[in-house]
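Please look at the sequence and the 3D structure shown here, and keep both in view while reading the report below.

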Amino acid sequence: MSIWSGCGVFERCRAKQETFAMSLKDNRILVVGGSSGIGFGVAQAALDRGAQVTIASRAAQKVDEACERLGGSVEGVTLDTGDAPALEAFFAEREPWHHIFCSAASTKVAAVKELPLEDAQASFESKFWGAYRLARAAKLADGGSLTFTSGFLSQRPKSGAAIQGAINAGLEGLTRGLALEFAPVRVNCISPGLVKTEMYDTLEGDGRRAMFDNAAERLPAGQVGLPEHIAIQALALMDNPYMTGSTVFVEGGGLLI
């Protein structure tokens with residue numbers, strides 16, 4: 001007989017799993033970077049769960065187009081994580097959020113001696129310091145969550161992408177520190193591998209397809225990621241009151257090869 005038999009642990013777990021399915025209903029969720037890519041996928045998944053979703057991006061036209069695609073009652077706002085006063089003003093006018101997800105970033109990748117120093121600094125400024133400014137200004141309800149997006153190069157460096165690995169590692173370190181500072185607000189990080197998003201639309205059709213096909217052949221999962229794969233984990237982190245200070249890798253087994 002199991003040592004857990006009769007103590008009600010499994011029954012409580014099952015009940016929790018059932019309530020998780022609707023636990024985001026009517027929660028106010030802000031998705032920064034929600035006009036495209038991973039952020040858009042998270043916004044769509046949260047809407048499907050009955051959440052009250054606001055997407056934010058620095059490009060007003062992209063926000064409007066994304067809101068039209070998402071439909072429903074989604075709200076769109078123009079917000080730049082590079083503008084600290086604007087972030088502070090935005091949050092000062094709003095009630096605390098239940099959850100905030102951030103995937104906003106604009107980075108350039110090249111070998112250290114080839115990437116202009118100003119581009120390297122701008123990449124850090126966008127992805128790391130943008131997340132830092134957001135965290136500093138954000139208002140979250142107790143028990144709510146803030147989730148960043150890094151990338152698995154933090155753990156599996158790639159020649160020619162040292163800057164990206166360093167930025168991602170910095171975000172993961174920031175996550176752990178903020179989990180202590182912000183408690184009982186929970187702070188976590190999702191670290192994706194290769195994900196099919198609009199970021200790769202500038203590649204020509206055959207080149208883009210070949211890149212994804214080659215990556216899928218190497219990955220143990222046999223496929224590259226989609227925004228909805230990351231969204232599943234993002235919502236799970238929002239749901240789970242026992243997750244904080246964690247970096248969750250969603251990379252199809254890319255860390256293993």
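The report turns to cysteines first, and then to two places in the backbone.

This is a predicted model, in which local features need pLDDT of at least 70 and side-chain atom pairs count only at pLDDT 80 or more, while totals for chains, interfaces and linings use all residues. Residues are numbered from 1 along each chain as its sequence is written, and side-chain values use heavy atoms, with hydrogens and water left out.

A disulfide is a pair of cysteine sulfur atoms within 2.5 Å, and by this rule the count comes to zero disulfides. The sulfur of Cys102 has its closest cysteine sulfur in Cys189, and because these lie 9.9 Å apart, they are too far from each other for a bond. Cys189, in turn, takes part in no disulfide, with the sulfur of Cys102 as its nearest cysteine sulfur.

The table gives the accessibility of three residues, where buried means under 20% relative accessible area, exposed over 50%, and partly exposed in between (1.4 Å probe, protein chains only).

| Residue | Relative accessible area | Class |
|---|---|---|
| Cys102 | 4% | buried |
| Cys189 | 0% | buried |
| Asp26 | 44% | partly exposed |

The backbone places are described by helices (H or I, at least four residues) and strands (E, at least two), which are DSSP runs numbered from the N terminus. Asp26 lies in the loop between α1 (9-20) and β1 (28-32), and has a positive phi of about 70° although it is not a glycine. Pro184 is found in the loop between α6 (162-182) and β6 (186-192), and the peptide bond that leads from Ala183 to Pro184 is cis, with omega near 15°.
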